[in-house]
Amino acid sequence: MAKDKPAERMKRKDYEKELEKLQVELCHLQDYVRANKLRVIILFEGRDAAGKGGTIKAITEKVSPRVFRVVALPAPSDREKTQLFFQRYMQQFPAGGEIVIFDRSWYNRAGVEYVMGFCTPAEHERFLSLCPQMEKYVIDGGIILIKIWLEVGMDEQERRFRARIDDPVRQWKLSPMDLESYRRWYDYSRARDLMLRKTSTKHAPWYIIRSDDKRRARLNCIAHVLKSIPCKRIKKDKVKLPRRSDKGRYNDQASLRGMNFVAERY
C-alpha cells in the first residue's frame, strides 16, 4: 500500500551513490536491448512540475542516445490535427534495439487536451475506450510498454512553481499553460482518476511514483524500469588501446599556428 506521507528527503550524497549503481545497470540493460533487438517504450505522465524532465535526465545521462531516445512532441500542427490521433506518436515508436522515452505521450488527450477543452467530450471518451485496445495491439506486436505516473503533491507543486518564478535559468519551464493547470488542480485530479481507472489494464498497467522527493522518485523509477525489463549481462571482451602508428609523423600542433582559437576566458 502506498504511503500517504513521504519519508524524510534523501540526502544528496546518498542519492548520488545509489544513482551511480543504477546507472551502471542501465548501461548493462542498454547492451542487452541492443544485442537482442528489443523494442521498449517508457512513457512519463504527471502534472506540471512533477519531475518528469529530471527523472528522464537521470535515466539517460550515462547511456547512448542511439539506444535511449527521448521524444517530447510539441503541440500538433494543423496537418497533424487532421491525422488519426495516435498517428504522430506511432511514428516515433522504437525499432529493434531502441528504448523510446515519451516525455508526455498520447495521454495528453486524457489530460491537458481534456481539461483545457482542446478536444471534445466525445473525442475524450473515444480515446479512453480505444486506448487499451491500441496498447494491447502494440504489446502483442512485441513492444515492451512501461507507463509511469509521477504524483506530486499540491504544496510541493506550488513550491516548485514559485522557485521557477524566481530563478532566471528555470523561468522557461513556466508557461501560461502551466499556470492554468496550477489553477485547475482538481480538474486535473478528476481527469487523472478517470484516466487511471479506464486505461490501467492487466497488459498495460499504470505505475505511480510519489515525486515530492525528486531524488527518491528518480531512484525508484530507474529501479522499476530495470525490474520491468529482465536482462542478462552481455559478456564483453576487454578493450585494449592499440599502439599509435608513427607512420607519417609530423608536428600536428605547429600546423595550427595562425588559426582562429576561442579566447581562453576561464
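Which residues are linked with R9 in a network of salt bridges? They are E156, R159 and R160. A salt bridge here is a side-chain nitrogen of Lys or Arg within 4 Å of a carboxyl oxygen of Asp or Glu, and the structure holds 24 of them.

Some ground rules before we go on. This is a predicted model, where local features need pLDDT of at least 70 and side-chain atom pairs count only at pLDDT 80 or more, while totals for chains, interfaces and linings use all residues. Residues are numbered from 1 along each chain as its sequence is written, and side-chain values use heavy atoms, with hydrogens and water left out.

Now take D48 and R104, whose closest N and O atoms sit 3.0 Å apart in a salt bridge. D48 is in the loop between β1 (39-46) and α2 (52-60), and R104 in the loop between β3 (98-103) and α5 (112-115), so the pair ties together parts 56 residues apart in sequence. (Helices are DSSP runs of H or I with at least four residues, strands runs of E with at least two, numbered from the N terminus.) D48 is buried at 16% relative accessibility, whereas R104 is partly exposed at 24%; buried means under 20% relative accessible area, exposed over 50%, and partly exposed in between, with a 1.4 Å probe and protein chains only.

Strand β3 turns up again with E98, which forms a salt bridge with R69, the closest N and O atoms being 3.3 Å apart. R69 lies in strand β2 (residues 68-71), so this pair ties together parts 29 residues apart in sequence.
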